[in-house]
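Let's take a walk through this structure, going from the contact between chains down to the contact between domains. Have the coordinates open as you read.

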2 protein chains.
Amino acid sequence: MKVNNTPYRTIWPASDGWAVEIIDQTKLPHHFETVRLENLTDSIHAIADMLVRGAPLIGATAAWGIALAMHENASDLALQSACEGLYQARPTAVNLRWALDEMRKVLDPLDPSSRREAAYARAMEITDDDVEISSSLGEHGSKLIKNIWEGRRRDSIVNVLTHCNAGWLATVDWGTALAPIYKAHNAGIPVHVWVDETRPRNQGASLTAWELKQHGVPHTLIADNVGGHLMQHGKVDLCITGTDRTTRTGDVCNKIGTYLKALAAHDNNVPFYVALPGTTIDWTLRDGVAEIPIEERDADEVLRIPGMCDDGVVREVLLTAEGVTAANYAFDVTPARLVTGLITERGVCAASESGLSGLYPDLA
Amino acid sequence: MKVNNTPYRTIWPASDGWAVEIIDQTKLPHHFETVRLENLTDSIHAIADMLVRGAPLIGATAAWGIALAMHENASDLALQSACEGLYQARPTAVNLRWALDEMRKVLDPLDPSSRREAAYARAMEITDDDVEISSSLGEHGSKLIKNIWEGRRRDSIVNVLTHCNAGWLATVDWGTALAPIYKAHNAGIPVHVWVDETRPRNQGASLTAWELKQHGVPHTLIADNVGGHLMQHGKVDLCITGTDRTTRTGDVCNKIGTYLKALAAHDNNVPFYVALPGTTIDWTLRDGVAEIPIEERDADEVLRIPGMCDDGVVREVLLTAEGVTAANYAFDVTPARLVTGLITERGVCAASESGLSGLYPDLA
């Protein structure tokens, strides 16, 4: 999508044909900086220190990390060591493991002399495939927005509420929850986005608002507390969020607070959609609330927040008195009964076992 | 309640018998400072610049402001001018107008030579009456906590979730939503409070957490997004919030986000109580969502937040890129159907017209 009117992906081969470039997302929203990755160490740093984040982008970065490692040394030992190093950079990221496995499938059987070229080719494929998935998901989802618009004889703006960042910054391009919005906007449908700031890490305020502004999509930032009031007063036409993990029955585990918005949508007859690539479905799970463990993160994420001071310096400030105890649950589960539908790269389906297995008969 | 192990009210006569002291709430949670009010100007400053906040405390401060004005000059003109100055300090505060009217009822008929003494007496009465209302409300509400505790044979902690600050800092003492908690804690019932930080102004993080910590009540600060997850997992026994305005049918208008917690409580069979002094009931309203206008405040409250930097200086930081648009709805309405009961100074009742008119037959 666009940054300063120039189309970008979140990761791309440098013009010299061997290095890789990324957006340093730790500097957002205050500074837009790109970083050049030249070797395995750079790639591990980019993943471990969260210059890149979002499951699909982490996967793509790992694939390019292997390519850069093969550029330096394509021996069996180097391949093994590169996989281990990248895996340890963020061991809980499912896509990271998946991308490394994909790279090994191609590279293990090859003679070291052929590995460099094959690694670059496979990394590029993984990257392009991710764009294709997001783009396809976006096309399917944009029809929901278009239908609302056409249902009103195209005389008003369609208001979409989203939570957290499931935008192009979390993928290679287009995003998941934001892909339908970008597709609708690009097609000339007047869409406006209510952006939940998404405490405690504020990915809505720092990433989603930044993305939408750069691409020119009208939007308004709100505190996470506001969505219910907006829905009570007819100011939201539909909600679209992402999901980190989806059960085979259609329960979705997403950023903490998603459940509260789904309850408000249900209480006010506002459609609540969740966008996901099929890879995030965990076919082994049936009951999200009971079965999905919820990560507890550092309390400091609640107690402190970074921002830019009047002197242009980014500082972290303490929001409470010294010594206050905080808890930081990172995700919650929204039961399928509150989800109107799931938007996938294969189409839109009901949030149910029959809905998902209808779209993914090969995986169900 | 206690600060540094010393019992405090939010406003009290100074030991010299004529000045008044308050806690400067703008300095919380980072610094605890008391301020001496010696005249009308000091009192107007305290109200207008929000050194004191919360409807009952604003009312009490206005009453003391009149007393201080009479201490300087008790003429008819001085009384008139003091009332006007204090009213303009925060014209939307209903209790402010009420307290000024109460003072005039006593002072208008008197000879200027008798006004000083009468003003101090009436200000003290208004202050003590407010403590009595909160204390009584707290006694009634604490029985709900006690019942839960006894229902479990007293073998576990009772977890209460609250939103925003309806604590003793908003009143003269005890508070409204927090009064039942302080009463239960003081009675030896093991109670733990989940404190919503309450974006955008963070009154939970800066005031509620501070109050509870100073008084020694166990508590944990959470992002506003977290409550639903906690309720899904049985970690909340009841919710208690305050209300700024209550309809005769039991709808409550409280800090933005209250509605989302009420939805989660309803979805998980968690009792959701709202604490209020009878004075906040607006007997002219029947439908809170349709009839109560919701204040929109400065977007900067969403975009910027103050906190303490590592160098000990409190600074405001910008949370987004420059130029992001934000909306800041300050309150929302929770329909009576989601409210388990209302806790008042006269007892606990159903959130309904019959419930309220049963407790307030003289007002209904």
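## A salt bridge across the chains

Which residue of chain B forms a salt bridge with D267(A)? The partner is R337(B), and the closest N and O atoms of the pair sit 3.0 Å apart. Keep in mind that we're looking at a predicted model here. That bridge belongs to a set: the count between chain A and chain B is six salt bridges. Polar contacts add to the picture, with 24 residue pairs between chain A and chain B, both partners at pLDDT 80 or more.

## What chain A brings to chain B

Quite a list of elements gives two or more residues to the side of chain A that touches chain B. On the helix side of that list you'll find α7 (203-215), α8 (227-232), α9 (258-267) and α11 (300-303) of chain A. The strands are β8 (219-222), β14 (304-308), β15 (314-318) and β16 (331-334) of chain A. The largest share comes from α9(A), which puts in six residues. Sorted by class, this side of chain A has 35 nonpolar, 18 polar and 14 charged residues.

How much area is buried between chain A and chain B? The figure is about 5100 Å², and carbon and sulfur atoms give 59% of it. In terms of residues, 67 of chain A are in contact with 67 of chain B.

## How the two copies are related

Now try laying one chain over the other. A rotation of 180° with 0.0 Å of shift along its axis puts chain A on chain B, with an RMSD of 0.1 Å. The two copies are thus related as by a two-fold rotation axis. The same surface serves both of them, since 100% of the contact residues of chain A recur in chain B.

## Two domains in chain A

Zooming in on a single chain, the domain assignment splits chain A into domain 1 (2-129) and domain 2 (140-359). Their centres, taken over C-alpha atoms, are 27 Å apart. Where they meet, 22 residues of domain 1 of chain A are in contact with 16 residues of domain 2 of chain A. About 1800 Å² is buried between these two domains, with carbon and sulfur atoms giving 62% of that area. Three residues stand out on the domain 1 side: K2(A), H30(A) and R53(A) supply 30% of the area that domain 1 buries against domain 2, more than any other three residues.

How many salt bridges does the rule find across this domain interface of chain A? Zero, as it turns out. There are polar contacts, though: the count between domain 1 and domain 2 of chain A is seven residue pairs, both at pLDDT 80 or more. Among the elements of chain A, β1 (2-3) and α2 (55-72) each supply at least two residues of the domain 1 side. The largest share, four residues, comes from α2(A). By class, that side of domain 1 has 12 nonpolar, seven polar and three charged residues.

## A long-range tie within chain A

Over all chains, the structure holds 52 salt bridges. One worth pulling up on screen is R9(A) with D128(A), whose closest N and O atoms are 2.9 Å apart. R9(A) lies in the loop between β2 (6-7) and β3 (11-13) of chain A, while D128(A) is in helix α5 (residues 112-151) of chain A, so the pair ties together parts that are 119 residues apart in sequence.

Technical notes:
Residues numbered from 1 in each chain as written. Chains lettered and ligands numbered in written order. Predicted model: local features only at pLDDT ≥ 70, side-chain atom pairs only at ≥ 80, totals over all residues. Heavy atoms only, no water. Contact = heavy atoms within 4.5 Å. Buried area = accessible area lost by both parts, 1.4 Å probe. Salt bridge = Lys/Arg side-chain N within 4 Å of Asp/Glu carboxyl O. Polar contact = N/O pair within 3.5 Å; in protein donor to acceptor, adjacent residues only side chain to side chain. Nonpolar A, V, L, I, M, F, W, Y, C, P; charged D, E, K, R; others polar. Least-squares fit on C-alpha atoms with pLDDT ≥ 70 in both. Domains from an automatic or database assignment.
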